[in-house]
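Visitor: I have a model open on my screen and would like to learn how to read it. Could you take me through a few features?

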Amino acid sequence: NVNSFEYGYNCALKLIDSNSSLDAIIVAADIQGIGAMRAILESGLSIPNQIKLISLTGHNIGSMLWPAMTAMEMPGFEIGSQAATMNIDEIENLSKKDFPKHLTFSSTLIERESC
């Protein structure tokens with residue numbers, strides 16, 4: 001399961017073992033980050049001095065860790081809401097041909113101790 005502690009742990013160990021110059025890891029979710037954090041620390045490396053760690057789905061759990069995990073917070077609720085609205089609009093307007101829509105959402109870097 002890619003959304004698991006074990007996945008983050010195992011992937012981080014592989015990265016650490018295969019890349020002697022590794023200085024940062026970016027994970028997709030905080031749960032992966034918790035696993036990666038464990039692997040980094042068990043490998044005798046320090047966060048952030050030797051390896052920086054960033055999660056792409058910053059939840060409150062990241063702020064509770066030590067060191068607290070830096071996060072690139074994306075507006076998940078807004079993205080989901082817009083996707084649902086676009087799907088409903090497409091279903092309701094089957095006879096009309098619309099061009100593909102492109103939406104851009106802003107993310108926010110929440111700097112914590114892991115970077």
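Visitor: Let me start with Ser4: is Ser4 buried or exposed?

Guide: Keep in mind that this is a predicted model. A residue counts as buried when its relative accessible area is under 20%. Ser4 has a value of 10%, so Ser4 is buried. You will find Ser4 in the segment before H1.

Visitor: Which residues is Ser4 in contact with, leaving aside its neighbours within four places in sequence?

Guide: Ser4 is in contact with Ile31 and Gln32. Gln32 belongs to helix H2 and is buried too, with a relative accessible area of 7%. With its neighbours within four places in sequence left aside, Gln32 is in contact with Val2, Asn3, Ser4, Tyr7, Gly8 and Val27.

Visitor: Gly8 brings me to helix H1. How do I read a helix like that?

Guide: Begin with its span. H1 covers residues 5-18, 14 residues in all, and reaches 20 Å from its first C-alpha to its last, close to the 20 Å expected at 1.5 Å a residue.

Visitor: And which residues of H1 are buried?

Guide: Here is the general idea. An α-helix has 3.6 residues a turn, so residues three or four places apart point the same way. Now the case here: Gly8, Ala12 and Ile16 are the buried residues in H1. Looking down the axis of H1, you see these buried residues within an arc of 60°, so they line one face of the helix.

Visitor: What do the buried residues of H1 pack against?

Guide: They pack against strand E1 (24-27) and helix H2 (30-42). On the face of H1 turned away from the buried side, look for the exposed residues Lys14, Asp17 and Ser18.

Visitor: Next, the backbone. Where is Pro48?

Guide: Pro48 sits in the loop between H2 and strand E2 (52-55). To read a peptide bond, check omega. The bond from Ile47 to Pro48 has omega near 5° and is cis.

Visitor: Last, the surface. Which residues make the nonpolar surface patch of about 350 Å²?

Guide: That patch is made by Ile26, Leu56, Met74 and Ile79. Take Ile79, which lies in helix H4 (residues 76-92). A residue between the buried and exposed cut-offs, 20% and 50%, is called partly exposed. Ile79 has a relative accessible area of 35%, so Ile79 is partly exposed.

Notes
Residues numbered from 1 in each chain as written. Predicted model: local features only at pLDDT ≥ 70, side-chain atom pairs only at ≥ 80, totals over all residues. Heavy atoms only, no water. Patch = residues over 30% accessible without salt bridge, like charges linked within 9 Å, V, L, I, M, F, W, Y side chains within 5 Å. Areas by Shrake-Rupley, 256 points an atom, 1.4 Å probe, with all protein chains shown as cover. Salt bridge = Lys/Arg side-chain N within 4 Å of Asp/Glu carboxyl O. Helix = DSSP H or I, 4+ residues; strand = E, 2+ residues; numbered from the N terminus. Buried < 20%, exposed > 50% of the residue type's maximum accessible area, 1.4 Å probe, protein only. Expected span 1.5 Å × (residues − 1). Arc of directions from axis to C-beta. Contact = heavy atoms within 4.5 Å.
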